[in-house]
Amino acid sequence: MKYLYQLMLLFLAANVQQVSASDYVLWYNKPAVHWNSALPVGNGRIGAMVFGNPLHEEFQLNEETISKGSPYNNYNPAARKSLETIRNLIFSEQNDSAQKLADQTMISEKRLGRGAPYQPAGSLRIDFTGRDSSKITNYRRLLDIGDAISRVTYNINNVEYQQESFASFTDQLLIIRYSASKKKKISFSASLTYPNDNCKIKAESGTLRLTGITEEAAPDVPGKVRFIVNAKIQNKGGKLYQKDGKLVVDRADEVIIYVALATNFKNYKDISADPDKRIRHYMEKAGRPYAQAKETHMNFYHQQFNRVSLDLGTDRYPQKPTDERIRDFAKVADDGWFTALYFQFGRYLLISCSQPDTQPGNLQGLWNHKLNPAWSCRYTININTEMNYWPAEPTNLAEMHEPLVKMVTELSEAGRQSASEMYGCRGWVAHHNTDLWRMTGAVDYSWSGVWPTSNAWFCQHLWNRFAFNGDMEYLRKVYPLMKGASEFFVDFLITDPRSGYKVVCPSISPENHPHGRKASLYAGVTMDNELVADLFTHTIQAAKLLNTDQLFVDTIARLRDQLTPLRIGKHGQLQEWAEDWDNPNDHHRHVSHLWALYPGNSISPFRTPASFEAAKTSLTQRGDPSTGWSMGWKVCLWARCLDGDHAYRLIQNQLNLIPDTIERGADGGTYANMFDAHPPFQIDGNFGCTAGIAEMLVQSHDGFVNLLPALPKSWSKGRIKGIRTVGGFIVEDMTWEDGHLKQVVIRSTLGGNLRIGTKEKAHFYPLVSPKLPNSNPLFTVWSMPVEKDGQLLKEKNINPLHLYDIETHKGETYQIKFD
């Protein structure tokens with residue numbers, strides 16, 4: 001059987017249909033053999049991986065709330081008793097002993113749970129009858145990300161077959177249609193399967209039904225998620241009957257399959273929903289005309305996807321399938337079209353895995369086929385979950401950010417107990433991982449889990465969303481979350497007796513440790529200082545805009561001034577720790593100490609040249625090759641360094657074809673289906689690169705809108721439409737030629753001052769001095785102090801760009817031309 005299948009693949013590849021790939025299409029000349037080459041469809045709540053096999057097709061299924069376990073929290077109350085001892089050990093340079101005690105008292109006990117793995121929903125399998133693989137010609141498998149539709153076409157004995165599928169945003173169903181150019185040519189058996197034997201499966205009344213309940217996540221966290229998968233088959237012509245637990249279609253003209261998925265999950269504290277009632281509700285849409293279901297699905301999707309377009313040139317290699325394009329990308333100097341496709345694929349994935357009223361995208365977005373996936377396919381919140389949402393605001397997918405905001409709200413609720421019971425603090429805390437149940441305790445090991453500053457990072461997302469939308473009602477809703485996180489650090493910060501500065505202690509620089517030292521647990525880690533300073537800064541800004549909490553503002557402003565400043569070390573680097581321990585040969589995947597450069601904004605090439613050069617030195621020393629998501633982060637960092645060519649080199653490194661079967665032990669890259677390869681698959685790398693490409697073209701974090709800040713030489717001509725900026729502005733159209741900006745059209749959704757910065761001179765607008773503050777409060781910036789050799793440095797603003805202020809009015813559009 002394996003030999004015959006391999007023979008079929010070779011035959012299909014030799015008989016590929018020779019047609020040009022249209023815009024925004026991933027396409028292939030053979031079926032997927034491995035999950036890492038199957039193609040993803042999703043509507044935020046449910047998803048499928050489509051293999052495109054014309055003999056034995058598989059739709060691997062997911063539903064966002066199928067997880068091991070049930071409601072729980074996992075804080076370790078022993079942490080509170082040991083906290084003072086651990087701190088004293090750290091302050092007395094006994095970090096190894098401190099870390100050992102933290103492992104014993106701060107990490108969650110195994111019986112309480114250390115993260116509940118996200119689970120698959122099984123697979124729908126279609127086994128065709130009467131087909132000879134040697135007769136298959138003109139095979140083509142594609143994912144049209146312009147319409148959010150998967151399509152497979154091929155020819156057998158002069159009959160043209162088509163399989164079309166999509167996860168409907170409007171009907172909440174996976175809908176699959178089989179058609180043929182001649183009547184009575186569609187015959188197959190359909191079945192539902194699951195990776196273990198814990199599910200019940202039956203077929204009746206034209207519907208396949210799978211029911212199951214998830215397993216325990218830990219001894220004290222029993223599995224209680226009940227889930228149902230229904231697959232209803234509707235045939236036109238021929239016969240439909242049941243046989244051996246399967247549904248058989250015989251000699252039909254057309255077949256439509258409607259797949260519904262439902263669970264008993266209501267929220268992280270409540271699993272009392274009725275999945276049978278939900279499945280009946282979803283199945284009410286099954287059976288409406290296929291064309292109507294497809295049209296409403298596409299219309300919904302277009303309203304989101306079509307907001308942004310990117311033109312980096314025409315498709316010069318339309319005859320090459322996507323896997324070959326990935327393989328050859330670094331060898332080709334002028335494949336801007338493929339870069340634009342990669343950018344849009346990231347937006348497609350975010351739309352497909354994160355919609356309002358759904359769960360946030362997890363480590364694999366929405367898609368997972370394993371019972372024990374890598375890192376449990378949960379939420380790793382020391383970089384990966386946050387990276388998932390970097391493209392949301394700038395690439396005009398603001399609604400996709402809502403699930404993350406909701407999760408932060410839920411973590412602020414669950415995290416109050418952890419803050420109180422673990423540390424004796426007010427406010428709320430979370431560590432480096434969470435899951436469907438919003439656990440907030442420290443998990444895994446102290447070298448990765450004792451990191452109490454994810455709350456601060458999440459609050460940056462809350463503030464950034466406001467900076468882009470200016471919605472005061474939204475700010476009122478999220479301000480308590482920001483204040484709660486700030487309250488935690490008001491209580492948790494402690495004076496380091498060695499330096500006199502306020503520090504977060506104990507903590508880590510995520511998953512890294514100083515060269516030559518075994519311990520990872522320290523005080524005053526640079527990333528913590530950056531995160532807490534950012535949190536305090538934005539909480540102060542929010543309180544002032546809302547005219548509230550003046551005494552609290554004064555308190556956190558004083559504390560911010562007492563935090564350990566940034567430090568420049570002996571290698572010219574930005575120190576990762578308070579001490580000068582960095583090794584220039586450390587190529588660790590995390591670049592946590594550069595957070596203030598990206599995604600933060602307190603390090604700037606214009607406002608803080610000394611700390612910026614140190615950060616750039618650290619980034620250079622870290623090197624380029626790394627895991628997939630790390631390279632995505634570095635694209636963003638090099639864009640913030642205003643080095644477009646280096647950022648593009650990272651994109652070339654990322655678009656490096658990784659064989660489907662490699663899931664560990666290799667440098668990062670991209671699988672054949674364009675999924676990011678850590679390896680294994682992690683979706684954050686896709687989102688990091690999409691955000692990075694946006695940063696290369698437009699930045700607005702630094703007090704003004706910087707147009708074409710990091711344009712690589714290979715994108716000498718192009719056009720982008722729809723990018724959003726801080727201040728509620730939309731770059732509706734921007735064109736450049738020969739590497740120079742020609743024209744930009746910007747729409748103001750809020751009014752207020754628009755300050756733009758460009759290398760080119762604008763027509764008809766007077767220049768303004770960089771020393772003049774931007775009058776628009778949404779562009780307010782703050783810079784972290786920096787010291788070298790124990791002395792604070794005085795930073796100078798060296799902005800060389802042409803700056804222009806335009807007083808805008810809500811709803812109006814402004815056209816600016818350049819020399």
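In this predicted model, the side chain of Thr758 gets to within 2.5 Å of a backbone oxygen, the one belonging to Glu760. Thr758 itself sits in strand β31, which covers residues 752-758. With a relative accessible area of 0%, Thr758 counts as buried, because anything under 20% falls in that class. Setting aside neighbours within four places in sequence, the residues in contact with Thr758 are Leu707, Leu741, Leu801, His802, Tyr804 and Phe818.

One of those contacts, Leu741, leads on to the neighbouring strands. Strand β29 (residues 729-737) and strand β30 (residues 740-748) run antiparallel and are joined by 8 bridges. Within this pairing, Met734 finds itself opposite Val744 of β30. The hairpin that β29 and β30 make has 2 residues between the strands, and Asp738 there adopts a positive phi near 50 degrees. Strand β30 also pairs with β35 (residues 813-817), again in an antiparallel arrangement, this time through 5 bridges. Here Arg747 has Thr813 in β35 as its bridge partner.

Elsewhere in the chain, His590 lies in a loop, the one linking β22 (566-568) to α15 (609-622). Despite the loop setting, His590 has a relative accessible area of 2% and so is buried, given the 20% cut-off. What does His590 touch, once residues up to four places away in sequence are not counted? The list runs to Asn382, Ile383, Pro510, Glu511, Arg622 and Trp629. Of these contacts, Arg622 is also the residue at which α15 (609-622) ends.

Definitions and conventions:
Residues are numbered from 1 along each chain as its sequence is written. This is a predicted model: local features need pLDDT of at least 70, side-chain atom pairs count only at pLDDT 80 or more; totals for chains, interfaces and linings use all residues. Side-chain values use heavy atoms; hydrogens and water are left out. Helices (H or I, at least four residues) and strands (E, at least two) are DSSP runs, numbered from the N terminus. Buried means under 20% relative accessible area, exposed over 50%, partly exposed in between (1.4 Å probe, protein chains only). A polar contact is a pair of N or O atoms within 3.5 Å; within protein, one must be able to donate a hydrogen and the other to accept it, and residues adjacent in sequence count only if both atoms are side-chain atoms. Contact means heavy atoms within 4.5 Å. Two strands pair if DSSP finds at least two bridges between them.
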